Amino acid sequence: MVRSLEEATTVKTRTTSSVQLSDDGRVQSHAAKVEEVEASTYVVPTDRRESDGTFAWDRTTVVVVRVLGGGMEGLGWTFADASAASLATGPLARAVVGLDAAATSAAWSAMNRAVRNIGRPGLAWEAISAVDIALWDLRAKLLGLPLARLLGLERDSVRAYGSGGFTSYDDAALAAQLSAWRAAGFSAVKMKVGCSTVDDLRRVRVAREAIGPDVELFVDANGAWSRKQALYQIERFADFGVTWVEEPVSSEDLEGLRLLRDRAPAGVEIAAGEYGYVLDDFRRMLVANCVDVVQADITRCGGVTGILAVAALCEAFQMPLSAHCAPHLHAHVGCALRPLRHLEYFHDHARIEHLLFTGALEPRGGRLSPEPGLAGIGVTIAASAGRYLADG
Ligand SMILES: [Mg+2]
């Protein structure tokens with residue numbers, strides 16, 4: 001529910017607006033320009049060895065973009081290869097420096113044109129996402145507004161689900177992580193599957209016993225299975241009350257996803273979309289009618305500008321939307337996304353956001369609530385973040 005007018009008034013007095021109106025309604029401030037784009041790369045080791053059904057990792061790379069303009073700075077980030085930083089400070093900076101800081105649409109279009117010969121989906125779109133988020137953060141700060149309030153509130157907090165349960169965890173670690181999220185008030189948790197049929201069934205049983213009967217159990221196979229393997233596993237997982245199966249087959253296999261969506265037991269939803277970059281990726285998925293819930297990631301799908309378009313597309317297809325990873329960013333924009341069902345409180349990214357940024361949100365009662373008294377996305381780079389700066 002949106003906060004009361006009284007609370008909203010409090011917000012107005014707690015933020016610093018650079019905009020003033022004269023008696024005849026004229027804006028007194030001058031338009032700020034985008035003056036500079038900077039990017040830094042951070043590499044954060046995982047707290048334990050981690051893997052899912054198709055990949056293993058021991059660190060996460062984060063490219064953080066700063067845009068300067070009007071005496072303020074905007075921050076954005078993407079969980080991408082370090083080479084995204086040189087795209088941000090090279091062709092993307094050349095595309096946006098000098099533009100009106102309020103012209104986030106024009107900046108997005110200019111960046112889109114700038115990467116035509118580099119390749120749009122993938123790395124370039126991750127870099128665009130980080131710059132776009134930083135531009136929106138700057139724009140909101142220049143207006144003295146929290147980002148969600150600038151976008152238009154649909155809600156003032158977003159339901160979150162705990163996400164981790166890596167295949168590298170032993171059963172005790174799996175149970176401990178998921179039951180801690182239940183104790184913290186999360187109403188749903190997600191674990192990784194996709195290693196072996198026997199191990200997966202045992203681990204799902206362990207998870208269900210850890211969280212009890214009332215917490216929703218989601219699984220993510222990260223595209224590990226063939227179509228028939230997926231069908232076999234989904235039917236067995238349903239016996240343990242699994243209600244969400246993510247990427248049971250590769251998210252590029254739209255026909256396979258469609259088959260599984262049609263054949264899965266009632267009550268089991270098929271989800272995919274985390275590798276959606278440009279808007280056409282989401283259009284193809286929606287036209288194929290192959291999922292029950294579309295996922296999108298603001299750090300991949302073109303930032304705030306991109307995910308607003310994805311949400312509109314989902315709405316046109318009567319499709320619920322779920323936000324993938326990057327919980328702090330999705331909490332802010334998610335308050336304005338009408339079809340959003342929930343966001344993913346991903347263990348790695350929640351930890352990284354707290355290590356790198358002062359002001360990263362903590363879940364309360366299974367929800368993330370942006371601080372209404374802070375402009376933009378409400379974070380600054382933490383003093384201790386420097387220890388994770390990548391060499392060079
Ligand atoms: Mg996933």
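Student: Which residue is the bridge partner of Thr41 in E2?

Tutor: In this predicted model, Thr41 has Val63 of E2 as its bridge partner. Another such pair is Val43, which stands opposite Thr61 in E2.

Student: What makes E1 and E2 a pair of strands?

Tutor: The cut-off is at least two bridges between the strands. E1 and E2 are joined over 12 bridges, so they count as paired under that cut-off. Their pairing is in the antiparallel sense. A hairpin through four residues joins E1 to E2.

Student: How many bridges join E2 to E3, and what makes these strands a pair?

Tutor: Seven bridges join E2 to E3, so the cut-off of at least two is met here as well. These two strands run antiparallel. One position to look at is Val65, which stands opposite Gly76 in E3. The hairpin of E2 and E3 has two residues between the strands, and Gly70 takes a positive phi near 60 degrees there.

Student: What is the order of the strands in the open sheet?

Tutor: The open sheet has three strands in the order E1-E2-E3, and their pairing is antiparallel.

Student: Why are E1 and E3 said to stand at the edges?

Tutor: Each of E1 and E3 has a single partner strand, so one side of each is left without a neighbour in the sheet. From one strand to the next, the twist averages 20 degrees.

Student: Which strands does H2 touch where it packs on the sheet?

Tutor: H2 touches E1, E2 and E3, and its direction makes about 150 degrees with that of E1. H4 also packs on the sheet, where it touches E1, E2 and E3; the direction of H4 makes about 150 degrees with that of E3.

Student: At what angle do the axes of H2 and H4 cross, and how close do they come?

Tutor: The axes of H2, residues 83-96, and H4 come within 9 Å and cross at roughly 60 degrees. That value makes H2 oblique to H4, because roughly parallel requires an angle under 35 degrees and roughly perpendicular requires 65 to 115. The crossing in which H2 passes H4 is right-handed.

Student: Which residues of H2 meet residues of H4?

Tutor: From H2 come Ser83, Ala84, Leu87, Ala88, Leu92 and Val96; they meet Leu123, Ala124, Glu126, Ala127, Ile128, Ala130, Val131 and Leu135 in H4. By class, the residues of this contact are 12 nonpolar, one polar and one charged.

Student: How do H2 and H3 pack, and what are their angle and axis distance?

Tutor: H2 and H3 pack at an angle of about 140 degrees, and their axes are 8 Å apart. H2 is thereby oblique to H3, because roughly antiparallel requires an angle over 145 degrees and roughly perpendicular ends at 115. The crossing of H2 past H3 is right-handed. On the side of H2, the contact is made by Pro91, Leu92, Arg94, Ala95 and Val96, and on the side of H3 by Ala107, Ala110, Met111 and Ala114. This contact has eight nonpolar residues, no polar residues and one charged residue.

Student: Are H10 and H11 roughly parallel or roughly antiparallel, and why?

Tutor: The axes of H10, residues 279-287, and H11, residues 303-316, cross at roughly 15 degrees and come within 10 Å. An angle under 35 degrees counts as roughly parallel, and H10 and H11 are therefore roughly parallel to each other. Their crossing is right-handed. Leu279, Phe282, Arg283 and Leu286 of H10 meet Ala309, Val310 and Leu313 of H11. Six nonpolar, no polar and one charged residues make up this contact.

Student: Which domains does the domain assignment give for the protein chain?

Tutor: The assignment gives domain 1, residues 36-147, and domain 2, residues 153-388. The C-alpha centres of the two domains lie 22 Å apart. The contact between them takes 43 residues from domain 1 and 45 residues from domain 2.

Student: Which elements give two or more residues to the side of domain 1 that touches domain 2?

Tutor: These elements are strands E1 (36-51), E2 (56-69) and E3 (72-78), together with helices H3 (104-114) and H4 (123-143). H4 provides the largest share, 11 residues. By class, this side of domain 1 has 21 nonpolar, 13 polar and nine charged residues.

Methods: Residues numbered from 1 in each chain as written. Predicted model: local features only at pLDDT ≥ 70, side-chain atom pairs only at ≥ 80, totals over all residues. Domains from an automatic or database assignment. Contact = placed C-beta atoms within 7 Å. Nonpolar A, V, L, I, M, F, W, Y, C, P; charged D, E, K, R; others polar. Axes fitted to C-alpha atoms, helices over the stretch in contact; angles between N-to-C directions. Left-handed = near helix turned anticlockwise from the far one by under 90°.
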